[in-house]
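Here are some exercises to work through with the model open beside you. Try each task before reading its solution.

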Number of protein chains: 2
Amino acid sequence: MKAKIHVYLKPGVLDPQGAAVAGALHNMGYDEVASVRQGKLIELDLTGDDVEAARVRVDEMCAKLLSNPVIESYSIELE
Amino acid sequence: MKAKIHVYLKPGVLDPQGAAVAGALHNMGYDEVASVRQGKLIELDLTGDDVEAARVRVDEMCAKLLSNPVIESYSIELE
């Protein structure tokens, strides 16, 4: 089973990485870029086939390790 | 218009970040995690509404700045 986790900054949290990328794109002439937000996409290969049990465990992994709950949110897709 | 770019390591390229995350999850008792791959998800807010022109430009941005073509691949979604 595969879990896809998207970790992204909460709205309103300053995104220095995104701002740096936007600045670089403007310097390269891509003025149509209004803003840039950068997040992480983490793909886990999991053993077992109980989707609901996996969702609970993956949620724990996100809260404890894969995201910083103070400034980040996350979404989980299980396939 | 919004562009969502997923940048990820090419198959076969060592993923030290993913390996570190997998090791940490195993230490925390999550032995069902067989492997971890970590990538970037970059969201661009773009002015203008010509989707095909935007796709060409975003592809250029990816090739020139947002990804390392030697070790990374990318996919583009336009909304």
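**Exercise 1. Find what the buried residues of helix 1 of chain A pack against.**

Solution. Step one: list the buried residues of helix 1, where helices (H or I, at least four residues) and strands (E, at least two) are DSSP runs numbered from the N terminus. Gly18(A), Val21(A), Ala22(A) and Leu25(A) are the buried ones, buried being under 20% relative accessible area, exposed over 50% and partly exposed in between (1.4 Å probe, protein chains only).

Step two: look at their directions. They cover an arc of only 100° around the axis, which puts them on the same side of helix 1 of chain A; the arc is that of the directions from the helix axis to the C-beta atoms. An α-helix has 3.6 residues a turn, so residues three or four places apart point the same way.

Step three: find the partners. The buried residues pack against strand 2 (33–46) of chain A, and also against strand 2 (33–46) and helix 2 (51–66) of chain B. Contact here means heavy atoms within 4.5 Å. On the face turned away from the buried side sit the exposed Pro16(A), Ala20(A) and Asn27(A).

A word on the ground rules: this is a predicted model, in which local features need pLDDT of at least 70 and side-chain atom pairs count only at pLDDT 80 or more, while totals for chains, interfaces and linings use all residues. Residues are numbered from 1 along each chain as its sequence is written, chains are lettered from A in the order in which they are written, and side-chain values use heavy atoms, with hydrogens and water left out.

**Exercise 2. Describe the interface of chain A and chain B, then place Glu32(A) in it.**

Solution. Begin with the totals: 29 residues from chain A and 30 residues from chain B take part in the contact. The two chains bury about 2800 Å² between them, 59% of it on carbon and sulfur atoms. Buried area is the accessible area (1.4 Å probe) that two parts lose on being put together, summed over both. In chain A, the residues that lose the most area to chain B are Tyr30(A), Glu32(A) and Leu41(A), together 22% of what that side buries.

Now go to Glu32(A), which lies in the loop between helix 1 and strand 2 of chain A. Glu32(A) counts as buried at 17% relative accessibility. Apart from neighbours within four places in sequence, its contacts are Asp45(B), Leu46(B), Thr47(B), Arg57(B) and Met61(B). With Arg57(B), Glu32(A) forms a salt bridge (2.7 Å, N to O), meaning a side-chain nitrogen of Lys or Arg within 4 Å of a carboxyl oxygen of Asp or Glu. The rule finds two salt bridges across this interface.

**Exercise 3. Which parts of chain A does the salt bridge of Glu43(A) and Lys2(A) tie together?**

Solution. First, check the distance: the closest N and O atoms of Glu43(A) and Lys2(A) are 3.6 Å apart. Next, locate the ends: Glu43(A) is in strand 2 and Lys2(A) in strand 1 (residues 2–9) of chain A, so the pair ties together parts 41 residues apart in sequence. Then compare exposure: Glu43(A) counts as buried at 17% relative accessibility, whereas Lys2(A) is partly exposed at 27%. Finally, widen the view: Lys2(A), Glu43(A) and Asp45(A) are linked in a network of salt bridges.
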